[in-house]
Every structure is written in C-alpha cells, then in structure tokens.
Amino acid sequence: MEITFYKYQGTGNDFVMVDDRGRRFDEKNLGLVRQLCDRKFGIGADGLILIRNHPDFDFEMIYFNADGSQSMCGNGARCAVAFASFLGIISSKTRFLAIDGPHEALISEGLVELLMGNVDTIESMAEDFFVNTGSPHHIRLVEDVHTYPVFEKGKTIRYDSVYSPGGTNVNFFQPLAEDEIFVRTYERGVENETLSCGTGVTAAALAFGSKNNQNLIKINTLGGKLSVKFQMGKKGGFENIWLIGPAEQVFSGKISLPPNL
C-alpha cells in the first residue's frame, strides 16, 4: 500500500495531509493513522487530516489526533484550508465542514483566518477556567509559563476524574501585556505538549480577553505567533471568533506500508 502525503505545519503544530477526494483511505483503520503519525516509525505528526468532497461545502476535513481519536483542531483546520488552496479546490475564501460543524476561512499571503464556532460560556473552576472551542480546554493562569511543568501538570489535569471519561486539553498562559499572552498546551490525543494548539489558544484568548475587556488578543506559542479576535454575544457568550496565523507546506512524499496495515 502506497500513500501520497503532504506535511503541513501551523505555528509548529504539524499534520499529515492526504487528498482523499477519491475516498481510498479507510478512516476506520486507526492503526494506519497512528502509524503515519508515529515520529519513529512513520511520517511523524500531531495529527492526520483527510480532505474529501462534500455536496454542500467546498470540502470536508476529517481530522484525527496522533492516537487515532477525533476532535476539532484549529491549527489543523487552518492547514486544511491552505492544503485545499494548494489543491486548487478553493481560492481566497471557503466554507467547509469539520467534526464540530461548518466553518468559514480566508487565506491571503500565507495567513489563514479561520472562523471558529460560537462559545456559549466560560466556566470558572476554582482559580482555573474551562472553555469548549470545538475541543475541551482547561485553562490556568501562571506566573512564569516558560518554567512551568506543563507536561507533568497537564497530564494530571488531563486525566482528572472531573473530565472522565473523555479527558481534556490543558492550557497554561502568562499575560505579557493587556492584549497579549504566552500559551503552552498539553494536548489530549497527542498526550504531550505541542508547540501550538489552535483551539487551545482560542480558549485562553477568550478567557483572558473577556476579563480584560479586550477583543483582539495576540498570542505567543513555542511554535510562533497567532491572534484571536472575537465579539461578545448578546446573551453573554462569544461570537465571530477568528483564529489567525500562518499555515505552511513543509514537504511532500510517498510512503509504502506493510500489507497488515
């Protein structure tokens, strides 16, 4: 079995991209997904994305975490938009389908602006917060995010019984200015810290911005810079949430897999 693939990254969040408009990829074969995402024995990535045709949208994004689980992925969606542009499916604007529903996006000069789903509320949990931005995110304010034990603390919270059985992603952020934060994320499904997490920085930006009366937040991650802009909803939630940042093709190739996969 041979698969043609493309490798994309969005602020260090990296993905194996497959043009599956011919529907040759068996999305139920989670062992294959895990093999392709394996950094030692496969291509290596935080997730895998299939691009498919859809009768009502420009395309459909089928997203898998590295362990084969599924969720919404903000950086993955931005990379999917860039890949769809590369394939000639879209030009500068698109409307596509993801696991959490329809999304819109704009692409220009390497930047992809992704319209996220509306968020109804931010839950307070002691001194922390919880926000669902298409994927669940626990958020904690810390004094020095660079020295904070993200892996150890993130893993503990990710598997806390309060989030059983599905678990949660965990974000730690430090304010840098009234409209700027630094975010580090332990990602569920990767089971490690990633260089960036689109839904995670969006969740942190909403929590921080709503407390500081800011609706455009600049975000620093280990993998690069993003920004999130949003509007307060009439009923107290958030709408018109846009995640903005780069999405780049790194390389492409073909990989041959053993028959048992």
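These are my notebook entries on strands, a helix, loops and single residues that I looked up in a predicted model.

**Entry 1: strand β3 and its partners**

I began with strand β3, residues 47-54, and asked how many of its residues are buried. Six of the eight are, so I noted β3 as largely enclosed by the rest of the structure. I then went through its pairings on either side of the sequence. With strand β2, residues 13-19, β3 pairs in the parallel sense, and I found five bridges for this pair. With strand β4, residues 57-65, β3 pairs in the antiparallel sense, over seven bridges. Isoleucine 49 of β3 appears in both pairings, since methionine 17 stands opposite isoleucine 49, and tyrosine 63 is the bridge partner of isoleucine 49 in β4.

I also looked up how the chain gets from one strand to another. The link from β2 to β3 includes helix α1, residues 30-37, and the three elements make a right-handed β-α-β unit. Between β3 and β4 there are two residues, and these two strands form a hairpin.

**Entry 2: the β6-β7 hairpin**

Next I turned to β6 and β7, which run antiparallel and are joined by four bridges. Alanine 105 has leucine 114 in β7 as its bridge partner. The two strands form a hairpin with two residues between them, and I wanted to know which residue in the turn has a positive phi. It is glutamate 109, with a phi of about 50°, which I noted as a positive value in a residue other than glycine. Glutamate 109 sits in the loop between β6 (101-108) and β7 (111-115), and its relative accessibility of 83% is over the 50% cut-off, so I entered it as exposed.

β7 also pairs with strand β16, residues 238-246, in the antiparallel sense over five bridges. For this pair I recorded tryptophan 242 in β16 as the bridge partner of leucine 115.

**Entry 3: other loop residues**

I looked up a further glutamate with a positive phi, glutamate 191, for which the value is near 60°. Glutamate 191 lies in the loop between β12 (180-187) and β13 (192-194). Is glutamate 191 buried, partly exposed or exposed? Its relative accessibility is 22%, and because buried requires a value under 20%, I entered glutamate 191 as partly exposed.

In the loop between α3 (150-158) and β11 (169-177) I checked proline 165. The peptide bond that joins serine 164 to proline 165 is cis, with omega about 0°.

Asparagine 213 lies in the loop between α4 (198-212) and β14 (216-221), and is exposed, with a relative accessible area of 72%. I also took its C-alpha separation from asparagine 169, which is 44 residues away along the chain, and found 25 Å.

**Entry 4: lysine 7**

Lysine 7 lies in strand β1, residues 2-10. I recorded lysine 7 as buried, because its relative accessibility of 9% falls under the 20% cut-off. The side chain of lysine 7 makes a polar contact of 3.2 Å with the side chain of aspartate 14. Leaving aside neighbours within four places in sequence, I listed the residues in contact with lysine 7, among them Phe15, Ile43, Gln249 and Phe251.

**Entry 5: helix α2 and the cysteines**

Helix α2 covers residues 74-86, and I compared its length with what its 13 residues should span at 1.5 Å a residue. The expected span is 18 Å and the end C-alpha atoms are 19 Å apart, which agrees. Eleven of the 13 residues are buried, so α2 is largely enclosed by the rest of the structure; the buried residues include Asn75, Arg78, Cys79 and Phe83. After α2 comes glycine 88, with a positive phi near 85°.

Cysteine 79 has a relative accessible area of 0% and is buried, and cysteine 73 is also buried, at 5%. I then asked how many disulfides a search of the whole structure finds. The search finds zero. Why is cysteine 73 not bonded to cysteine 197? The sulfur of cysteine 197 is the closest cysteine sulfur to that of cysteine 73, but at 6.5 Å it is too far for a bond, because a disulfide needs the sulfur atoms within 2.5 Å. For cysteine 79, the closest cysteine sulfur is in cysteine 73, and their separation of 7.9 Å is likewise too far for a bond.

How values were computed
Residues numbered from 1 in each chain as written. Predicted model: local features only at pLDDT ≥ 70, side-chain atom pairs only at ≥ 80, totals over all residues. Heavy atoms only, no water. Buried < 20%, exposed > 50% of the residue type's maximum accessible area, 1.4 Å probe, protein only. Pairing = 2+ DSSP bridges. Right-handed = clockwise from strand over helix to strand, strands pointing away. Polar contact = N/O pair within 3.5 Å; in protein donor to acceptor, adjacent residues only side chain to side chain. Contact = heavy atoms within 4.5 Å. Expected span 1.5 Å × (residues − 1).
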